[in-house]
Amino acid sequence: MSEGVSTVAAEPYAFTLKPGAVALVIIDMQRDFLEPGGFGDALGNDVSLLRAAVPPLIDVLAAARAAELVVVHTREGHRPDLSDLTPAKHARGRFATKIGDAGPMGRILVRGEPGHDIIPELAPVAGEPVIDKSGKGAFFATDLDAILRGRGITQLIIAGVTTEVCVNTTVREANDRGFECLVLSDCTGSYFPDFHEAGLAMIKAQGGIFGWVASSAALLPVLSRMAGDTDGKA
Ligand code: C5J
């Protein structure tokens, strides 16, 4: 595929996808963040604000699978014995309901509990790596870097929640590791609309100091052309 047809309109300038070297990384689209009674709710947030990212992300995930991109999912959560939960994270916020406490979707932010699951609309399929992380960044204390490099990935399309926390932290980690990051503005979300906008602005400022920002509408036609090329090869 030539450069022109694989170029996505983005800010601060166009982003050219390199077929075979692009992965879609979906950050923490878990019930714990998107549904009432989970971690996001326990922190006092209106979890309905994250729902807007779901429909466009469903379309991007389908298009990425059709184009045979590597698709990686992440989940934030902790071991049932909480041995990977730092005292600092456990104590933070002084909320009544803490990580590990019982909630309507099981223990809050604990692996294996219903709330820890990725929402059904975006559930991983066989062959898609799922990265369990205890921190905000998807590279911290995980094998994500090895998984991406082992597949020859140099570019990441990043979506998920929340824009200013786990998305931003992961983009910064990825950028320092030499990955080029294209963040999807409408497939990310925050409990704080201002932080969403600021989080995206910080990524693309200063000539794209951490990466690029584009809409799913700009990406989808490019993925669909890539899928067409894939069909042609089959
Ligand atoms: C947060 C996340 N916000 N996935 N986690 O605590 O952004």
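Where does the ligand sit? I looked this up before anything else, and the ligand sits in the largest pocket, where sitting in a pocket means that more than half of the molecule's atoms lie within 2 Å of its grid points. A pocket here is an open set of points on a 1 Å grid over the protein atoms alone, where a 1.4 Å probe fits and protein lies on both sides within 12 Å along at least five of seven lines, and its lining residues have an atom within 4 Å of a point.

I noted that this is a predicted model, in which local features need pLDDT of at least 70 and side-chain atom pairs count only at pLDDT 80 or more, while totals for chains, interfaces and linings use all residues. Residues are numbered from 1 along each chain as its sequence is written, and side-chain values use heavy atoms, with hydrogens and water left out.

**Ligand shell**

I listed the residues around the ligand (a heavy atom within 4 Å of it) as D28, F33, F39, E76, K136, V161, T162, V165 and C166. I then checked the polar contacts, pairs of N or O atoms within 3.5 Å. The side chain of D28 has an N or O atom 2.7 Å from a nitrogen atom of the ligand, and a polar side-chain atom of E76 is 2.9 Å from a ligand nitrogen atom. From T162 a backbone N or O atom lies 2.9 Å from an oxygen atom of the ligand. Of the 230 Å² of accessible area (Shrake-Rupley method, 1.4 Å probe) that the ligand has on its own, the protein covers 93%.

**Pocket**

I read off about 470 Å³ of space in the largest pocket, the volume being the space filled by probe spheres set on the grid points. The pocket is lined by 24 residues, of which F39, L43, R92, K136 and V165 are the closest to its centre. The elements giving two or more residues to this lining are α2 (39-42), α4 (87-91) and α6 (163-176), helices being DSSP runs (H or I) of at least four residues and strands (E) of at least two.

**Backbone**

I also looked at the peptide bond from V161 to T162, which is cis with omega near -10°; T162 is placed in the loop between β8 (155-161) and α6. A second entry is the cis peptide bond joining E11 and P12, with omega about 10°.

Notes: A polar contact is a pair of N or O atoms within 3.5 Å; within protein, one must be able to donate a hydrogen and the other to accept it, and residues adjacent in sequence count only if both atoms are side-chain atoms.
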